[in-house]
Amino acid sequence: MSTPFPSAQEKMLSRDDIPSVIAPLRSTRRIVFTNGCFDILHAGHADLWARARQLGDFLIVGVNSSDSVRRLKGPTRPLNPTEQRMYVLASLACVDAVIPFDEDTPYELIQAVQPHVLVKGGDWAIENIVGRDIVEASGGSVHSLKLLPGYSTTGLIQKILRTCSAEAK
């Protein structure tokens with residue numbers, strides 16, 4: 001049975017795909033961009049992506065590479081390698097494309113994508129959102145969306161460790 005929806009593999013792009021795949025969409029679709037490590041997915045992430053997608057027609061998620069995550073979060077992270085994190089994200093209906101980046105911030109990727117809308121979670125003040133200058137300079141909008149309370153990847157990892165530790169006793 002065929003499906004009209006692209007496969008996860010088709011939604012996993014590289015920076016080299018931006019001119020041929022993403023750039024042509026700018027004139028017909030409102031492109032939304034968000035980014036993060038997304039090491040272990042949880043309901044807080046899903047809520048953010050769904051609300052980000054509602055701000056436009058095409059949601060691109062920039063994903064920190066494994067090397068980038070290690071520099072930002074330490075030597076024990078990520079728990080899942082880049083390709084696996086990208087595949088899971090690309091499997092979600094609200095995500096239209098996933099692109100990795102190796103830098104510590106997505107600034108260069110945002111510059112290449114030129115989204116109409118830039119979104120981060122509410123733990124980011126708008127004035128601190130990387131790439132804000134790029135998006136606003138082209139007339140786009142930047143949003144810091146309120147997070148669902150009680151969801152955090154670091155908190156989830158700590159809970160798993162506590163549970164495993166308690167079970168081992």
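Trainee: Which strands does helix α3 lie across, and at what angle does α3 run to β2?

Mentor: Helices and strands here are DSSP runs numbered from the N terminus, a helix being H or I over at least four residues and a strand E over at least two. In this structure, α3 (residues 43-53) lies across β1 (31-36), β2 (58-64), β4 and β5, and its direction is at about 140° to that of β2. Contact means heavy atoms within 4.5 Å, and angles, from 0 to 180 degrees, are taken between N-to-C directions of lines fitted to C-alpha atoms, for helices over the stretch in contact. The model is a predicted one, in which local features need pLDDT of at least 70 and side-chain atom pairs pLDDT 80 or more, while totals for chains, interfaces and linings use all residues. Residues are numbered from 1 along each chain as its sequence is written, and side-chain values use heavy atoms, without hydrogens or water.

Trainee: In what order do the five strands form the sheet?

Mentor: Two strands pair if DSSP finds at least two bridges between them. Here the open sheet reads β3-β2-β1-β4-β5, with parallel pairing. Because β3 (97-101) and β5 (141-145) stand at the edges with a single partner strand each, one side of each has no neighbour in the sheet. From one strand to the next, the twist averages 25°.

Trainee: How many bridges join β4 and β5, and which residue is the bridge partner of Leu118?

Mentor: Strand β4 (residues 117-121) pairs with β5 over five bridges, in the parallel sense, and across from Leu118 the bridge partner in β5 is Val142.

Trainee: Which residues form an aromatic pair, and where in the chain are they?

Mentor: Rings of Phe, Tyr and Trp (its six-membered ring) pair when their centres lie within 6.5 Å, and planes under 30 degrees apart count as stacked, over 60 as edge-to-face and the rest as tilted. By this rule there is one aromatic pair: Phe38 and Trp49, edge-to-face, with 5.0 Å from centre to centre and 70° between the planes. The pair links distant parts of the chain, since Phe38 belongs to the loop between β1 and α3 whereas Trp49 is in helix α3, eleven residues apart.

Trainee: Which residue of the pair is in helix α3, and which is in the loop between β1 and α3?

Mentor: Trp49 is the one in α3, and Phe38 is the one in the loop, so on the structure you can find helix α3 by its residues 43-53, see it lying across β1, β2, β4 and β5, and then look for the ring of Trp49 beside that of Phe38, 5.0 Å centre to centre.
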